[in-house]
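Please open the structure in your viewer and keep the selection panel at hand. This tour proposes one selection after another and explains what is found at each stop.

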Amino acid sequence: MKKSKKSQKGVTSNDKNKGMGKEKEREKKSSSLESGSYNYKMFSFFNRKFKINEVEPPSDVNKAFSLFTDDGSTHMTAEQLRRFMSVHQSEVSTRLEDAQNIIEQVVNRRHHITKFARHTLNIEDFFYFLLSDDLNGPIRTQVHHDMSAPLSHYFIYTGHNSYLTGNQLSSDCSEVPIIKALQNGVRVIELDLWPSKDEILVLHGRTLTTPVSFIQCLTSIKEYAFVSSPYPVIITLEDHLTPELQAKAADMITITFETMLYYPESDLTEFPSPESLKYRIMISTKPPKEYLEVRSKDASEDESSPKDDSDASESDQEDEDFKSLQAGVSGYKRLITIHAGKPKGSLKTALKEVTDQVRRLSLSEHQLEKLAGSHGLDIVRFTQRNILRVYPKGTRFTSSNYKPTIGWMHGAQMVAFNMQGYGKSLWLMHGMFRANGGCGYVIKPDILTRSADELFDPKATLLPVQKTLKVKYSITRIQILDMRTRVASPPRKPLMCGPQIFIVGVPADEAKKKTKIIEDDWCPVWDEEFSFPLTVPELALLRIEVREYDISEKDDFGGQTCLPVPELRTGFRSVPLHDKKGVKHKNVRLLM
């Protein structure tokens, strides 16, 4: 479909000849961008016309504009805007220069003025600013958490089977999803290593997935590791290699990453901090000690047995081969920064075991749910020093995901997700890691890291309310084509639209509210307010979903977003909506 636009309002020749005529003309043109008639060319044969009414600022925006400008004034100065940002928006650090920069950007965008010709905002400019998510977004976009704590004190953006392009059984393996994950801020990449004669391949073992070479994955990780965040990338390896290929893998890792690779001289007793590991890459997998112990035992037994000259010669050669192999495998082991492995006893025993060295333990979502019922406090205690990785159960063949909040409630740092498994669970993951500037590391709340006598109990239900979140919908601005480009017909009227709002977090805080369903010309105004009492606001997410309701057909998906409650900024905020895959719509947003 092709779209053309006819302006409804003209400009008189007298206005053009006056000193302020050009600016008035620009203001009228920019105002008419909010309304007008649109022609859609269908099937290259005929046009259909669709009309949108102009969006007026809601009453509370008008009130705020009047409150922070002089009585009867039609323009807001930079100082008045600074005061609005400081008082109403609670951005107390806003400087006069910041306000002047906002005015300059708004005037340039709305009126297409290349030079800074006007130093004030009218009500339409002010409304435009409030709806601009890059100037007035709902959360901070910079890293602002303390990044000097040990890695175990952070939730880390973690992928599962990061090389898969689709389902778990028959999709292609590729470096492309790895690159995409890194571009989106994921910090933990999982690779399954399998032997193929003398080669190392990455694939989902014992399935029909087509492989990708290990070196190709390593090269892509090196190139894209820090395009979205400077904080460390962790590669978790599920290793099915022979000792010979482990030695080869060590060489490939060392040569590829060079000085980017971090590994300690000895086993860690405490994890280093993300700040100290900027632009570094780490390996996490099971050390290959079992194999070496067995071979060493066999060698010692051989030494105690009598040998003739020919046997001695063969034995000497075997010893040399073994020593060379042992050196290679030892080199592989040396590169492992975060040691992983299955517990020798039961999981319950492993959680309570106290060791000098820190380590990583992996649990399936099902194992976590089972353990959480009876040993929740032990899990929280374990994750204060050590790393817990949670991964999807094996029956999620379609690459679907589980609800991540149970892992976060228990302090699990690596809640591993299928990044190609789009849906509500992945939206929650996106929401959590929009925090802290989207750097991939979110510091855990104090309730999960404080001393044992104040340990947070995830099963507790009678908790006091710590905060109340108040959310008010004012208006939605929806660009026509964003919600309808997938169909071969122009948008139909009337639009029946109603957002749903969810709180996701600990069970006591979970809630769902709906706005009324209204009909409008793509610019619905609700003016509704909701309150959410929160007992653990540090772990709460605000999820929003907008649908167009249809009496006779399935509801159309309009957009969604998810935001971390601790990061929310007060005041009027422009909340952009995303599609089902988490890609931000260009012109679909809520003013809240």
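**Helix 4 against helix 5**

Begin by selecting residues 78-87, which form helix 4, together with residues 96-111, which form helix 5. The model on the screen is a predicted one. The axes of helix 4 and helix 5 come within 8 Å and cross at roughly 110 degrees. Angles of 65 to 115 degrees count as roughly perpendicular, and helix 4 and helix 5 are therefore roughly perpendicular to each other.

Now display the side chains at this crossing. Helix 4 contributes Ala78, Glu79, Leu81, Arg82 and Met85 to the contact, while helix 5 contributes Leu96, Ala99, Gln100, Ile102 and Ile103. Sorted by class, the contact of helix 4 with helix 5 comprises 7 nonpolar residues, 1 polar residue and 2 charged residues.

**A closer view of Arg82**

Next, select Arg82, which lies in helix 4. Is Arg82 buried, partly exposed or exposed? With a relative accessible area of 21%, Arg82 is partly exposed; the buried class is reserved for values under 20%. If residues up to four places away in sequence are not counted, Arg82 touches Thr94, Arg95, Leu96 and Ala99. Add Val92 to the selection as well: from C-alpha to C-alpha, Arg82 and Val92 are 8.9 Å apart in space, and they are 10 residues apart in sequence.

**From helix 5 to helix 6**

Keep helix 5 selected and add helix 6, residues 123-130. The axes of helix 5 and helix 6 come within 10 Å and cross at roughly 105 degrees. Helix 5 and helix 6 are therefore roughly perpendicular to each other. Which residues make this contact? On helix 5 they are Ile102, Val106, Arg109, Arg110 and His111, and on helix 6 they are Glu124, Asp125, Tyr128 and Phe129. By class, the contact of helix 5 with helix 6 has 4 nonpolar, 1 polar and 4 charged residues. Ile102 of helix 5 may be familiar from the first stop, since it also appears in the contact with helix 4.

**The two faces of helix 3**

Select residues 59-67, which are helix 3, and colour Asp60, Val61, Ala64 and Phe65, which are buried. These four cover an arc of only 140 degrees around the axis, which puts them on the same side of helix 3. Then rotate the view to the face turned away from the buried side, where the exposed residues Lys63 and Leu67 are found.

**Two loop residues with positive phi**

Select Asn161, which is placed in the loop between strand 4 (154-159) and helix 7 (176-183). Its phi is near 45 degrees, a positive value in a residue other than glycine. Asn161 is buried, with a relative accessible area of 2%. Beyond its neighbours within four places in sequence, Asn161 is in contact with Gln168, Glu190, Asp192 and His204. Include Ala416 in the view too: Asn161 and Ala416 are 255 residues apart in sequence, but 8.8 Å apart in space, C-alpha to C-alpha.

Proceed to Arg206, in the loop between strand 6 (199-202) and strand 7 (212-213). Arg206 is not a glycine, yet it has a positive phi of about 60 degrees. Is Arg206 buried or exposed? Arg206 is exposed, with a relative accessible area of 77%.

**Arg450**

The last residue to select is Arg450, found in the loop between strand 14 (441-443) and strand 15 (467-478). Arg450 is partly exposed, with a relative accessible area of 33%. Leaving out residues up to four places away in sequence, Arg450 touches Gln384 and Leu455. Select Arg381 in addition: Arg450 and Arg381 are 69 residues apart in sequence and 9.5 Å apart in space, C-alpha to C-alpha.

**The whole chain**

Finally, clear the selection and display the entire protein chain, which contains 16 helices and 23 strands. Of its 592 residues, 52% are buried. The accessible surface of the protein chain comes to about 28400 Å², and carbon and sulfur atoms account for 50% of that area. How many of the contacts between residues at least 6 apart in sequence join residues at least 24 apart? In the protein chain, 71% of them do so.

Notes: Residues numbered from 1 in each chain as written. Predicted model: local features only at pLDDT ≥ 70, side-chain atom pairs only at ≥ 80, totals over all residues. Heavy atoms only, no water. Axes fitted to C-alpha atoms, helices over the stretch in contact; angles between N-to-C directions. Parallel < 35°, antiparallel > 145°, perpendicular 65-115°, else oblique. Contact = heavy atoms within 4.5 Å. Nonpolar A, V, L, I, M, F, W, Y, C, P; charged D, E, K, R; others polar. Buried < 20%, exposed > 50% of the residue type's maximum accessible area, 1.4 Å probe, protein only. Areas by Shrake-Rupley, 256 points an atom, 1.4 Å probe, with all protein chains shown as cover. Arc of directions from axis to C-beta.
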